[in-house]
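Hi,

Here is the structure I said I would pass on. Could you look it over before we talk? My notes follow straight after it.

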Amino acid sequence: MRTILIIGPGGSGRTTVAAATALDAARAGVRTLVLSADRGDSLGAALGVATGGEPVRVLSHLTAWRPDATTGFRDDLAAFQDRASTVLDLLGAARLDTEEVTPLPGAEELTLLRALRDAALAEAHDLLVVDLPPTAQALALLALPEELRRYLRRLLPPERQAARALRPVLGRLAGVPMPAEWLYETTGRWDTELAAVEAVLADRRTAVRLVAEPGPAGADAVRDARLGLALRALPVESLVANRVLPEAAADDGWLGRLVGQQRKALGEWEGAARTVAHLGHDPRGADDLTALAVPPVNTAVSPVEWAVADRLTEDGVLVWHIPLPGALRDELDLVRRGDELVLAAGPFRRIVPLPSALRRCTVDGAALRDGELRIRFAPDPGLWPQGR
């Protein structure tokens with residue numbers, strides 16, 4: 001299954017482009033599912049069909065789904081209270097009734113990740129179009145599975161789970177209670193679920209469609225989004241310049257000034273953007289979505305590669321090439337910590353494990369050239385295989 005993640009700043013028409021992209025693919029005979037995390041039914045408004053907690057058939061090859069965060073949150077809370085019943089009883093805590101529970105901030109995004117995983121595992125569709133939240137929230141959401149799995153491994157390392165039979169004995173020797181079995185089981189289940197989401201995001205057939213209105217704010221948003229996506233090694237399938245005004249409006253007072261702004265932004269994007277015209281009204285229904293003429297999904301997009309170049313013979317180093325388009329030298333920060341690299345670029349940060357060969361090396365320097373970070377690693381004589 002191919003997955004297209006739709007990302008753009010708030011108010012850019014992101015949901016409309018997601019609906020139009022899904023409709024275009026479905027009419028070409030591709031079994032398509034479009035997902036949205038929006039609490040309001042903006043997806044249904046664009047499609048002309050109400051959407052909600054259950055998937056709804058829009059066309060013969062198109063299904064829309066807006067997962068219900070409330071139901072999922074209530075189910076998770078009920079399951080947690082059942083597993084932690086002994087602890088809650090000892091503390092004298094009163095259980096919450098599911099009817100009084102409302103989703104916490106971020107529940108919609110977590111529900112969307114779960115729906116993304118379920119849709120990928122079901123293999124009932126050929127294309128999954130995901131309408132993500134506005135850019136900043138979307139980038140944080142895409143980072144969540146990897147970061148949560150790292151936290152779980154630090155808090156409850158897998159090697160500690162191997163001694164389950166010894167826990168009662170260790171508890172008596174230490175004089176303190178050891179973690180209950182349900183805690184390890186819950187952690188294992190969470191790790192498995194997060195790994196499934198992470199696998200979908202890391203799949204070679206997953207790419208991002210960027211949406212922005214051409215203009216100063218849109219250009220800044222695209223620049224930031226490209227950098228954040230590059231740090232997550234997510235390829236951009238296309239850039240959609242949305243709501244482009246007709247050239248005929250160039251002589252029409254304040255509209256002409258907007259046309260000038262759009263021309264400048266499109267020029268900065270150097271023809272890389274696919275334009276979608278402004279219809280003069282908010283698109284509603286299949287006819288309007290068809291009139292937008294969004295570009296078809298690019299199935300030939302190349303995955304982002306973080307390649308390690310062997311320059312031991314020429315320079316005595318290995319060079320890790322990390323594409324970071326739009327990165328600024330003054331906003332880069334690198335920290336080697338054990339077998340991990342802490343990489344910060346602008347407002348974005350990621351902790352990545354080093355490739356196995358680089359773990360036996362020391363950092364020898366780094367440089368940013370032509371939108372690519374190149375980190376040099378020199379072999380550590382005490383760790384490097386002899387004779388290399």
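One term first: a helix here is a DSSP run of H or I at least four residues long, and helices are numbered from the N terminus. In that numbering, R263 sits in helix 10, which covers residues 253-268. Please keep in mind that this is a predicted model.

**R263 and its surroundings**

R263 comes out as partly exposed, because its relative accessibility is 47%. Once neighbours within four places in sequence are set aside, R263 contacts E247 and A250. There is also a longer link to look at: R263 and G215 are 48 residues apart in sequence, but their C-alpha atoms are 8.1 Å apart in space.

**The overall picture**

Zooming out, the protein has 12 helices and 15 strands. Of its 388 residues, 42% count as buried. How much of the contact count comes from residues 24 or more positions apart? Among contacts with a separation of 6 or more, such pairs make up 67%. As for the surface, the protein exposes about 20200 Å², and 54% of that comes from carbon and sulfur atoms.

**Two nonpolar cores**

The largest nonpolar core holds 57 residues, and L132 and W320 are the ones that touch the most other members. If you want to inspect L132, its contacts beyond four places in sequence are L5, I6, I7, R14, L112, A138, L141 and L142. There is a second, separate core with 27 residues, L23, A46, A64 and V297 among them.

A46 turns up again when you look at T16, a residue of helix 1 (residues 14-27). Leaving out neighbours within four places, T16 is in contact with A46, P283, L289 and L292. Is T16 buried or exposed? It counts as buried, because its 15% relative accessibility is under the 20% cut-off.

**The loop after helix 2**

A64 from the second core also comes up here, as a contact of T51. T51 lies in the loop between helix 2 (42-47) and strand 3 (56-59). With 7% relative accessibility, T51 is classed as buried. Apart from residues up to four places away, T51 touches D41, L43, G44, V56, A64 and R66. The C-alpha atoms of T51 and L35 are 9.8 Å apart, with their positions 16 residues apart in sequence.

V49 is in the loop between helix 2 and strand 3 as well. V49 has a relative accessible area of 24%, so it counts as partly exposed. Beyond its neighbours within four places, V49 contacts D41, G44, V56 and V58. V49 and A286 are 237 residues apart in sequence and 9.6 Å apart, C-alpha to C-alpha.

Another pair to pull up is D287 and G48, 239 residues apart in sequence and 9.7 Å apart by C-alpha. D287 belongs to helix 11 (residues 285-292). D287 counts as exposed because its relative accessibility is 64%.

**Backbone angles to check**

Most residues other than glycine have a negative phi. Which residues go against that here? One of them is A293, with phi near 55 degrees. A293 is in the loop between helix 11 and strand 9 (308-311), and at 53% relative accessibility it is classed as exposed. R243 is another, with phi near 60 degrees. R243 is part of strand 7 (residues 236-244) and, at 25% relative accessibility, counts as partly exposed.

**The second largest pocket**

Last, a pocket for your own tools. The second largest one encloses about 450 Å³ of space. Which residues come closest to its centre? Of the 20 that line the pocket, they are L201, A202, R232, A233 and R350. Helix 6 (135-155), helix 8 (181-202) and strand 13 (348-353) are the elements that give two or more residues to this lining. Sorted by class, the lining of the second largest pocket has 12 nonpolar residues, seven charged and one polar.

Shout if anything looks odd when you open the file.

Cheers

How values were computed: Residues are numbered from 1 along each chain as its sequence is written. This is a predicted model: local features need pLDDT of at least 70, side-chain atom pairs count only at pLDDT 80 or more; totals for chains, interfaces and linings use all residues. Side-chain values use heavy atoms; hydrogens and water are left out. On a 1 Å grid over the protein atoms alone, a cavity is a set of points where a 1.4 Å probe fits but cannot get out, and a pocket is an open set with protein on both sides within 12 Å along at least five of seven lines; lining residues have an atom within 4 Å of a point. Grid points are joined across faces, edges and corners, and a volume is the space filled by probe spheres set on the points. Ala, Val, Leu, Ile, Met, Phe, Trp, Tyr, Cys and Pro count as nonpolar, Asp, Glu, Lys and Arg as charged, and the others, Gly among them, as polar. Buried means under 20% relative accessible area, exposed over 50%, partly exposed in between (1.4 Å probe, protein chains only). Contact means heavy atoms within 4.5 Å. Accessible areas come from the Shrake-Rupley method with a 1.4 Å probe; for residues, only the protein chains shown count as cover. A nonpolar core is a set of buried Ala, Val, Leu, Ile, Met, Phe, Trp, Tyr and Cys residues joined through side-chain atoms within 4.5 Å.
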